[in-house]
2 protein chains.
Amino acid sequence: MDASSLPLDRILQGDCIEVMQSLPEKSVDLIFADPPYNLQLEGELWRPNQTRVDGVDDEWDHFTDFAEYDRFTRQWLTACRRVLKDTGTIWVIGTYHNIYRVGTILMDLDFWILNDIVWIKTNPMPNFRGVRFTNAHETLLWAQKIKGARYTFNYQAMKLLNDGKQMRSDWQLPRCVGKERIRVNGLKAHSTQKPEALLYRVILSSTRPGDVVLDPFFGSGTTGAVAKQTHRHWIGIERNPAYVAIAEARIAAVQPPPLHDSLASWENRRTRPRVSFLKLVEKGWLKPGQTLYFDSSARLTATITPEGVLQCNGLTGSIHQVGRELLHAPCNGWLHWYYLDEAAGEKRPIDELRERYLREISAAGT
Amino acid sequence: MDASSLPLDRILQGDCIEVMQSLPEKSVDLIFADPPYNLQLEGELWRPNQTRVDGVDDEWDHFTDFAEYDRFTRQWLTACRRVLKDTGTIWVIGTYHNIYRVGTILMDLDFWILNDIVWIKTNPMPNFRGVRFTNAHETLLWAQKIKGARYTFNYQAMKLLNDGKQMRSDWQLPRCVGKERIRVNGLKAHSTQKPEALLYRVILSSTRPGDVVLDPFFGSGTTGAVAKQTHRHWIGIERNPAYVAIAEARIAAVQPPPLHDSLASWENRRTRPRVSFLKLVEKGWLKPGQTLYFDSSARLTATITPEGVLQCNGLTGSIHQVGRELLHAPCNGWLHWYYLDEAAGEKRPIDELRERYLREISAAGT
DNA sequence: GCCGCGCTTGAATCACGCT
DNA sequence: GAGCGTGATTCAAGCGCGG
């Protein structure tokens, strides 16, 4: 099989080590791997209200000892290394049960760690017995195949995702719950489905549109869904046919938005102009005296001044500053204020006007 | 040297492996270790006898470095294991450069990880070149010497420190800056001085007053300062005489507050005396033959026997055992059974009688 | 339609001391 | 050291229901 025969945008059913060995070498740009954690749970766990916790006891998470887990880890990481392009990078997620062993083996196989990232869960499961600290995070390792090689890092896209400040190594995101969690007959389809927001940061930060993303432990297919959503190619490998079916249906339902007006198109365009809110007033798209609505609320409103700042309950400041006061937290005003679109008769986010402005000046420049 | 000759509240100048080997075994309750990790700059610290071979290729050199670091790590962790009591625990702090190797070796030496904690820095150094995520955290591993052994975790003290909710594995604390940072002639006395708030959580969570805390990489002495402040004994080991002098002066200046009115004192529900249900019958507060009501229900009832156990539908057992049968789940009987208070004409929880009993024996003891 | 309340649930290495 | 009896212990979200 040569590089041209790479099976793109498909799920390959089978053992990930064997399947990867059958793929052409140096052919994928990114690997995201969510391997078994080797949790080693013993006995039952009860909540204080006398209900039982439905823990992870899947067959795929059973290993006899550390040596077997290490051998397995070394094998699949070696296979990953072979299919990665020399400029490629790999992400691996885990908890203290396995991530220290994975990190050591990554280093031993000459991967070069670029960052470790902690996914801080806003809604972790508590420690019901009060005998340890609440396990409220998981760890992601990001490593490049070859130390010193060129790699993709979309600094500006990450900065925009983080309110205009550099993205840090701590990511606060909720667990995968609610509508996003896939259920079959009311039961969770996969015991460890990851949130799409997590994969969104992974894929957006370290690939470009059109790149190939491989996930050797595909599970419910979150990696494929987000890759498709962000206009990346994807390859999934999954042993369990039931998971394959679930992931296929899930990804088929994804309708990617147009590439050009999403963060997904943001490569390292460090020169992307920042837009002053005043520009929108100067364009006449918003007018002094006009009302803006915070988070689409009918009650929280502000008035635009001729200087392009907001007035709200005696408070005057930028869209970010006023938003910050209302939220009592850091605030990217572009993402919180809405204006009344009279033609449509509905509220629209002002961020759409920023995008429109950027398209205009971009068109003028070409 | 036997346990009685443990050199408490002192700094021992020397190589930590040798010094620990000279201490009595199974003698300390807690170890906090902040080991060096930068191989290239600090290699001499852990391989005094090694000579570097010129002309080796990168791969060999690279392997040699990891192997040497691992050997050093295994040596000092083995020495730690020897001096720890069987009920003892150890904390190790590091970054992605070393913590994955440390974690693996900890596990290989049969330490049992209790938690990994991420110290999220509220004021990290930015990534000036914009080529990675801002490195905004460090990792602490907390492990016990022997899996399944009893260990100290002051759950309630931690909960109080965290606004009444259980403490999580993510700790947001600033770096050591400002007045706390020790300076000599305007320069940092130690390049990696840890904040006292970090050690406060470590020591408070996992030791009791009077326990012995050992720090094999004592540096500027933060561990000793916080241990003294919280009425724990401490032992510091440090190679560099300049650091020893700084730490000694620093700790001498610490004035511990009274123990009793701080979180540093140690009391919780787990350690108060257990009450046998029979005691309430002996006191005459409940009588053989009397009826108890489960969860205040009128239907589920039980009869007290002279032996202080319950009879319920042919079932006989303790308040916990019978409750367990009724609930089909683990049950703390104190919180589920009610008795009829004839004077008040209403049902009252039997836990109130336990509280009354505890007050009586507490008053009698003083 | 909105609000508030109650129920459910989650990658979890989840007790401890006395006999 | 094993067995056994006592008894300590939960947070954020989503969802459904009733007012």
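Two strands count as paired when DSSP finds at least two bridges between them. With that in hand, a good place to start in this predicted model is a single pair of residues: Trp91(B) stands opposite Trp142(B), the latter sitting in strand E5 of chain B. The two strands involved are E3, covering residues 84–94 of chain B, and E5, covering residues 137–144 of chain B; they run antiparallel and are joined by six bridges.

Zooming out, E3 and E5 turn out to be neighbours in an open sheet of eight strands in chain B, laid out in the order E1-E10-E9-E2-E3-E5-E4-E6, with mixed pairing. At the edges are strand E1 (10–13) and strand E6 (170–173) of chain B, each of which has a partner on one side only. From one strand to the next, the twist averages 20°. As background, strands of a sheet pair through backbone hydrogen bonds, and they can do so in parallel or antiparallel fashion.

Helices also come up against this sheet. Helix H4 of chain B, residues 99–108, packs on the sheet and touches E3, strand E4 (112–121) and E5 of chain B, its direction making about 165° with that of E3(B). Helix H6 of chain B, residues 196–206, lies across strand E2 (28–33) as well as E3, E4, E5 and E6 of chain B, and runs at about 145° to E6(B).

What about chain A? Here, too, eight strands make an open sheet with mixed pairing, in the order E1-E10-E9-E2-E3-E5-E4-E6. Its edge strands are E1 (10–13) and E6 (170–173) of chain A, each pairing on one side only, and the twist averages 20° from strand to strand. Towards the E6 edge, strand E4 (residues 112–121) of chain A runs parallel to E6(A), with four bridges between them. One residue to look for there is Lys121(A), whose bridge partner in E6(A) is Leu173(A). On the level of domains, chain A is split into domain 1 (3–266) and domain 2 (277–363). The C-alpha centres of these two domains of chain A are 37 Å apart.

Next comes the meeting of the two chains. In total, 58 residues of chain B are in contact with 54 residues of chain A. The chains bury about 4,800 Å² between them, and 52% of that is on carbon and sulfur atoms. Of the area that chain B buries against chain A, 18% comes from Tyr100(B), Arg132(B) and Phe133(B), more than from any other three residues.

There is a polar side to this interface as well. Chain B and chain A share three salt bridges, along with 33 residue pairs in polar contact, counting pairs with both residues at pLDDT 80 or more. Several elements of chain B each supply at least two residues to the side that touches chain A: helix H3 (58–83), H4, E4, E5, helix H5 (155–161) and E6. E4(B) gives the most, with nine residues. A salt bridge also links Glu42(A) with Lys147(B), their closest N and O atoms being 3.2 Å apart.

Over all chains, the whole structure holds 31 salt bridges. Among them is a link within chain B, where the side chains of Lys194(B) and Asp34(B) meet at 3.0 Å, N to O. Lys194(B) is in the loop between strand E8 (187–188) and H6 of chain B, while Asp34(B) is in the loop between E2 and helix H2 (39–46) of chain B, so this pair ties together parts that are 160 residues apart in sequence.

Methods: Residues numbered from 1 in each chain as written. Chains lettered and ligands numbered in written order. Predicted model: local features only at pLDDT ≥ 70, side-chain atom pairs only at ≥ 80, totals over all residues. Heavy atoms only, no water. Axes fitted to C-alpha atoms, helices over the stretch in contact; angles between N-to-C directions. Contact = heavy atoms within 4.5 Å. Domains from an automatic or database assignment. Buried area = accessible area lost by both parts, 1.4 Å probe. Salt bridge = Lys/Arg side-chain N within 4 Å of Asp/Glu carboxyl O. Polar contact = N/O pair within 3.5 Å; in protein donor to acceptor, adjacent residues only side chain to side chain.
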